[in-house]
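Look at the aromatic rings and the nonpolar cores in the model below. How do they divide up the buried interior and the ring pairs?

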Amino acid sequence: MKTFSLAVAMVVTATASVQAADLAAHYTKAPAMAPAANWTGLYVGANVGGQWGSGDPSTSTIAIPGGYFDPTSIPAVNAVGAQSINSSSVTGGFSAGYNWQVNHAVLGLEGDINYFGFRGSASGTALYPCCAPDTFTVNSSVSADWLATIRGRLGFLVAPAWLVYGTGGAAIAEVKGSFNFSDTSSAAMRESATIRDTRLGWTAGVGTEYAFGGGWSLKAEYLYVDLGRASATSTNLVRSIDGVQFPGNVYTHSLDLKANIVRVGVNYKFGEPGAARY
């Protein structure tokens, strides 16, 4: 009986040893953790989108003793000269910037230059209050071919690879305006002026950016742009039938360009990505 019990104990001990050895030989190594996105560094990018905005050109003049206009004509001319131009177009261009990541916050500085494509015209005609059926016409046009911005960015990491941010800074564009006044009187009066001004305005907006590895990221962004009011005066009102001028009838022309921009883009950050520290 003792011999049988000893034999059973030896078998149980041997079986347990085999099972323990088998369990020790089979294990699964935990997968290595992929490094989180690191937003610090220099990047370049490209974007495409659309803009819509207004130019709001204005033409006004004054009455003077011995001038061309009857006093009742001035309010009529100025009312027709207060015009509105709306524009929409595709935009696109290139950007570059630098980010600094501090824990969950990302601070950055970005500059870009884009095709702007703002373009439009307006025209208005009315009767002279004093002198019907004679009429006068005011024509105007506004354009801006390019737009550049220099902006700060301040963002927060919703996730290590997902950034939401606000942005704001300076907006720069060359705005152009063309203005013409004419009438159907026997004198056939004419006046014209142009504006060509590189404007320094401001811009502000919001955006989101997602890093998907290898230094690449996708972004979507909205910007509001205000380039302020550009103006010019002219004293070249002339009677076409004989070339007599009326320099005392000063004309003031202006335009006020504002726009909204929505765009998407891709950025590439230089340097090897490292793990973010939280």
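This report covers ring pairs, a charge over a ring, and the nonpolar cores of a predicted model.

## Aromatic pairs

Searching the whole structure gives twelve aromatic pairs. One of them joins Y68 and F69. Their centres lie 5.1 Å apart, and the planes meet at 75°. The pair counts as edge-to-face because that angle is over 60 degrees.

The two partners differ in burial. Y68 has a relative accessible area of 22% and is partly exposed. F69 is buried, at 5% relative accessibility. The cut-off for buried is under 20%, so F69 passes and Y68 does not.

## Ring cluster and a charge

Y68 and F69 also belong to a cluster linked by ring pairs. Its other members are Y128, F136, F181, F246 and Y251.

A charge sits over another ring. R153 lies over the face of Y165, 4.4 Å from the ring centre.

## Nonpolar cores

The largest nonpolar core holds 21 residues. Those with the most contacts inside it are F116, L147, V175, L227 and L257. Five strands each supply at least two residues of this core: β4 (105-127), β5 (135-159), β6 (162-183), β8 (216-234) and β11 (251-269). β8 gives the most, with five residues.

Beyond its neighbours within four places in sequence, V175 is in contact with residues including L227, L257, A230 and L255. Its contacts also include S143, A144 and I195, as well as R196, D197 and R199.

A second, separate core has 14 residues, among them I74, A76, F136 and Y251. F136 and Y251 are also in the ring cluster.

How values were computed. Residues numbered from 1 in each chain as written. Predicted model: local features only at pLDDT ≥ 70, side-chain atom pairs only at ≥ 80, totals over all residues. Heavy atoms only, no water. Phe/Tyr/Trp six-rings, centres within 6.5 Å; stacked < 30°, edge-to-face > 60°. Buried < 20%, exposed > 50% of the residue type's maximum accessible area, 1.4 Å probe, protein only. Lys NZ or Arg CZ within 6 Å of the ring centre and 35° of its normal. Core = buried A, V, L, I, M, F, W, Y, C linked by side-chain atoms within 4.5 Å. Helix = DSSP H or I, 4+ residues; strand = E, 2+ residues; numbered from the N terminus. Contact = heavy atoms within 4.5 Å.
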